[in-house]
Amino acid sequence: MGKRAVRGVRKVQGDGPPVSDLIPARPSLGRVRAAASGCRACDLYKRGTQTVFGEGPSKAAVMLVGEQPGDAEDLAGHPFVGPAGKLLDRALAAAGIDRRRVYVTNVVKHFKWEPRGKRRIHERPGSAEIAACRPWLETEIALVRPRVLVCLGATAAQALLGRAFKVTRQRGTFVPSPLAPLVTATVHPSSILRAPDEETRRAEMDGFVADLTRVAREIGRKER
Ligand code: SF4
């Protein structure tokens, strides 16, 4: 589908085919990741360095879904490798979850940013960009089939659990969803990095670890 075919569709649509047309007929994580690397289904491909697809074991018990790759992830081409990823690693370890057994991904696969001086500042993806990218995430979920799916932050939670979902009120609880046997949400690790002072940061980290510990208990229960 070229520019002509998307006339009349909101500008967020890029100049490539929609994601649903790119998903291989016999998908595997490797094939889907390769297909996503050339995605131009929304305009974000023009801003990001590359598609940052999810990573982790193909049959991971836990899938963590964030908002979008950040600056470091955009450059590295891997999810959760920047400062927020390092904090996530520490929180997973504190909760007793082996990061190597977790699949990590985002609802949007390109970094959306705006320039501020020489810096690239995170810009929240819009609902049309989230909708355009969603089939990649749905395919990841269908292939990995995690027992527990954890939304990290409001963007992921509202994209997957509905706009009425409030992370502040409902974090750490398991909510009914067709996405996985157990679905929950907690804060995004980048929000902990933005805490105004050390005391708040410590309290937020404790809450994050407590939410992940509930997840660890559930996978431990299954494995016993
Ligand atoms: S953000 Fe998603 S839909 Fe948009 S170009 Fe990137 S991979 Fe494709």
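How many nonpolar, polar and charged residues does the shell around the ligand have?

## The ligand shell

The shell has 9 nonpolar residues, 1 polar and 1 charged. Here Ala, Val, Leu, Ile, Met, Phe, Trp, Tyr, Cys and Pro count as nonpolar, Asp, Glu, Lys and Arg as charged, and the others, Gly among them, as polar. This is a predicted model, in which local features need pLDDT of at least 70 and side-chain atom pairs count only at pLDDT 80 or more, while totals for chains, interfaces and linings use all residues. Residues are numbered from 1 along each chain as its sequence is written, and side-chain values use heavy atoms, with hydrogens and water left out.

The residues around the ligand (a heavy atom within 4 Å of it) include Val19, Cys39, Tyr45, Lys109, His110 and Trp136. Helix H5 (residues 127–144) gives the largest share of this shell, 3 residues. Helices are DSSP runs (H or I, at least four residues), numbered from the N terminus.

## H2 and H5

Helix H2 (residues 29–36) packs with H5 at an angle of about 170 degrees, and their axes are 10 Å apart. Axes are lines fitted to C-alpha atoms over the stretch in contact, and angles run from 0 to 180 degrees between N-to-C directions. The two helices are therefore roughly antiparallel (an angle over 145 degrees).

In the contact (heavy atoms within 4.5 Å), Leu29, Val32, Ala35 and Ala36 of H2 meet Trp136, Thr139, Glu140, Leu143 and Val144 of H5. These residues divide into 7 nonpolar, 1 polar and 1 charged.

## H5 and H6

On the H6 side, Ile130, Arg134 and Leu137 of H5 meet Thr155, Ala159 and Leu160 of H6. By class, this contact has 4 nonpolar, 1 polar and 1 charged residues.

Conventions:
Angles under 35 degrees count as roughly parallel, over 145 as roughly antiparallel, 65 to 115 as roughly perpendicular and the rest as oblique.
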